[in-house]
Amino acid sequence: LLFLDIEMGGIGSIEIKNRLERSNPATYIVFCTSHSEMMGDAFGRNVIYFLTKPLSERSVQLVMNKATFFTKDHYRLAINSKTSLLCENILYLHAEQKHTVFHTKDNKIVSSRRSLKSWLGELEALDFCPVSRSTAINLRHYVRADEKKVYLHQNTALSISRRFQPILREKYDAYMLHVAGL
């Protein structure tokens with residue numbers, strides 16, 4: 001996360017933004033300025049916020065929370081000694097005997113020797129939610145649920161336990177409020 005003043009000496013902040021958009025999409029930029037007329041040039045893929053000077057502690061904290069949320073997608077999860085996955089690419093995971101199996105957007109299936117319960121301790125903070133004792137979904141890919149099924153993008157339907165329905169509603173509501181910045 002970079003806080004850049006729109007008016008910087010030497011290499012300009014707009015040029016830094018342009019270079020980062022080409023080379024490092026996981027770097028987020030917050031522009032700080034007292035010159036709102038220059039904001040149009042500063043918009044870009046990596047730009048997540050504009051702050052006006054003087055900065056307040058509250059506005060910086062808001063930006064930090066937003067950046068933390070965005071970095072979850074780029075978090076690389078080490079599944080086993082040979083494989084890691086970006087969180088945004090994981091659709092769901094489920095327990096299979098003593099293993100946990102990860103299913104991705106590009107139809108990869110990756111197995112881990114860790115238990116689902118062990119994974120959930122790490123993944124709940126990354127917006128994953130259990131929908132049964134043996135399955136957890138990535139809330140980024142949640143579409144809807146009915147009494148028996150949870151539907152994800154890519155026409156994936158999974159069983160949901162009645163016990164987990166209120167948990168899913170609560171976690172998804174919190175997730176959406178966070179996405180909206182509330």
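Let's start at a turn: S12 and S13 form a hairpin with three residues between them, and Gln-154 in that turn has a positive phi of about 65°. Strands here are DSSP runs of E with at least two residues, helices are runs of H or I with at least four, and both are numbered from the N terminus. Before going on, a word on what you're looking at: this is a predicted model, where local features need pLDDT of at least 70, side-chain atom pairs count only at pLDDT 80 or more, and totals for chains, interfaces and linings use all residues. Residues are numbered from 1 along each chain as its sequence is written, and side-chain values use heavy atoms, with hydrogens and water left out.

Back to the hairpin. Strand S12 (residues 149-152) runs antiparallel to S13, and four bridges join them; two strands pair if DSSP finds at least two bridges between them. One residue to find is Tyr-151, whose bridge partner in S13 is Ala-157. Now follow the side chains along S13 (residues 156-159): Thr-156 and Leu-158 point to one face and are buried, while Ala-157 and Ser-159 point to the other and are not. Buried means under 20% relative accessible area, with exposed over 50% and partly exposed in between (1.4 Å probe, protein chains only).

Tyr-151 also turns up around His-141, which sits in the loop between strand S10 (135-138) and strand S11 (142-145). Is His-141 buried or exposed? It counts as buried because its relative accessibility is 7%. Setting aside neighbours within four places in sequence, His-141 is in contact with Glu-88, Ile-90, Leu-91, Lys-105, Tyr-151, Leu-152 and His-153. Contact means heavy atoms within 4.5 Å.

Next, head for the N-terminal part of the numbering. Here you'll find an open sheet of three strands, ordered S1-S2-S3 with parallel pairing. Strand S1 (2-5) and strand S3 (47-52) are the edge strands, each pairing on one side only. Four bridges join S1 to strand S2 (residues 29-33), and Phe-3 stands opposite Val-30 in S2. Helix H1 (residues 13-23) lies across S1, S2 and S3, running at about 170° to S2. Axes are lines fitted to C-alpha atoms, for helices over the stretch in contact, and angles run from 0 to 180 degrees between N-to-C directions.

Finally, zoom out. The protein's secondary structure comes to five helices and 13 strands. Of its 182 residues, 39% count as buried. The C-alpha atoms fill a box of roughly 60 × 35 × 30 Å, taken along the principal axes.
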